[in-house]
Amino acid sequence: MSIEAKLQELGIELPEPAAPVASYLPAVEAGGFLHISGQISMREDGSLIVGTLGEDYDLESGIAAARRCGIMLLAQMKKALGSLDRVEKVVKLGGFVNSAADFTDQPKVVNGASDLMQEVFGEAGRHARSAVGVNTLPLGVAVEVDAIVKIRD
């Protein structure tokens, strides 16, 4: 089954990939890998999911925000590669969670993106990962996730 068919089966529609908000590229292909810049939490309508986990949002809302970051990662992959079928392996995700001082569930939040990669790519979606709590993120968003994927020619 193609990845496009898998997305349809899962009911996932990819948005238009977000443009960079500063001086960087959204994705860079080098040495058989695609490095995708951090994708911030955005709703389906394109509005930002801003706020702090443990203050403005609960765990479930954070997981949903991280999943939205994962969907934007998929959109960036498709734009850069032409087809998600070129993804051989999701190698690593880096998750950043805008966190209250006493919020410690960053790994659970970033599972929103990790679980999505496994749903879409199966075993090839299992990856190494970091999940870091921070006191703020660009534009005040709740979650940001970046990725490294191994690609096929």
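In this predicted model, five strands form an open sheet with the order 1-2-5-3-4 and mixed pairing. The edges of the sheet are strand 1 (27-30) and strand 4 (128-134), each of which pairs on one side only. On average, neighbouring strands of this sheet are turned by 15 degrees against each other, direction ignored. Helix 2 (residues 59-81) packs on the sheet, where helix 2 touches strand 1, strand 2, strand 3 (87-98) and strand 5. The direction of helix 2 makes about 140 degrees with that of strand 2.

## Strand pairing

Strands of a sheet pair through backbone hydrogen bonds, in either a parallel or an antiparallel sense. Here, strand 1 and strand 2 are paired in the antiparallel sense over four bridges. Ala30 has Phe33 of strand 2 as its bridge partner. The hairpin made by strand 1 and strand 2 has two residues between the strands, and Gly31 in this hairpin takes a positive phi near 60 degrees.

Strand 2 (residues 33-40) also pairs with strand 5 (residues 143-151), in the antiparallel sense and over six bridges. In this pair, Leu34 stands opposite Val149 of strand 5.

## Nonpolar cores

In soluble globular proteins, nonpolar side chains tend to be buried together. The largest nonpolar core of this model has 36 residues. Met77, Met117, Phe121 and Val143 are the residues with the most contacts inside that core. Two or more residues each come from helix 1 (3-10), strand 2, helix 2, strand 3, helix 3 and strand 5. Helix 2 gives the largest share, eight residues. A second, separate core has six residues, among them Met72, Ala75, Leu137 and Val141.

Which residues does Val143 contact, leaving aside its neighbours within four places in sequence? They are Gln39, Ile40, Ser41, Leu53, Gly62, Ala65, Ala66, Cys69, Phe96, Val109 and Leu137.

## Helix 3

Helix 3 covers residues 106-121. Its 16 residues should span 22 Å at 1.5 Å a residue, and the distance of 23 Å between its end C-alpha atoms agrees with this. Helix 3 nevertheless has a kink of about 35 degrees, centred on Gly112. Just after the helix, Gly122 takes a positive phi of about 65 degrees.

The buried residues of helix 3 are Gln106, Val109, Val110, Gly112, Ala113, Ser114, Leu116, Met117, Val120 and Phe121. These buried residues pack against helix 1, helix 2, strand 3, strand 4 and strand 5. One of them, Ser114, touches Leu93, His127 and Arg129, not counting residues up to four places away in sequence. Is Ser114 buried or exposed? Ser114 counts as buried because its relative accessibility is 4%, under the 20% limit for that class.

## Four residues compared by accessibility

The table gives the relative accessibility of residues from a helix, a strand and two loops.

| Residue | Relative accessibility | Class |
|---|---|---|
| Ser114 | 4% | buried |
| Thr52 | 14% | buried |
| Ala131 | 27% | partly exposed |
| Glu16 | 66% | exposed |

Thr52 is located in the loop between strand 2 and helix 2. With a relative accessible area of 14%, Thr52 is buried. Leaving aside its neighbours within four places in sequence, Thr52 is in contact with Tyr57, Asn98, Ser99 and Ala100.

Ala131 belongs to strand 4, one of the two edge strands. Why does Ala131 count as partly exposed? Its relative accessibility is 27%, and the partly exposed class lies between the limits of 20% and 50%. Beyond neighbours within four places in sequence, Ala131 is in contact with Gly95, Gln106, Pro107 and Val110. Gln106 and Val110 are among the buried residues of helix 3. Ala131 and Ala147 are 16 residues apart in sequence, and their C-alpha atoms are 12 Å apart in space.

Glu16 lies in the loop between helix 1 and strand 1. Glu16 is exposed, since its relative accessible area is 66% and the exposed class is over 50%. From Glu16 to Asp105 the separation is 89 residues in sequence and 30 Å in space, C-alpha to C-alpha.

Technical notes. Residues numbered from 1 in each chain as written. Predicted model: local features only at pLDDT ≥ 70, side-chain atom pairs only at ≥ 80, totals over all residues. Heavy atoms only, no water. Pairing = 2+ DSSP bridges. Axes fitted to C-alpha atoms, helices over the stretch in contact; angles between N-to-C directions. Contact = heavy atoms within 4.5 Å. Buried < 20%, exposed > 50% of the residue type's maximum accessible area, 1.4 Å probe, protein only. Core = buried A, V, L, I, M, F, W, Y, C linked by side-chain atoms within 4.5 Å. Expected span 1.5 Å × (residues − 1). Bend = angle between axes of the 7 residues up to and from the residue.
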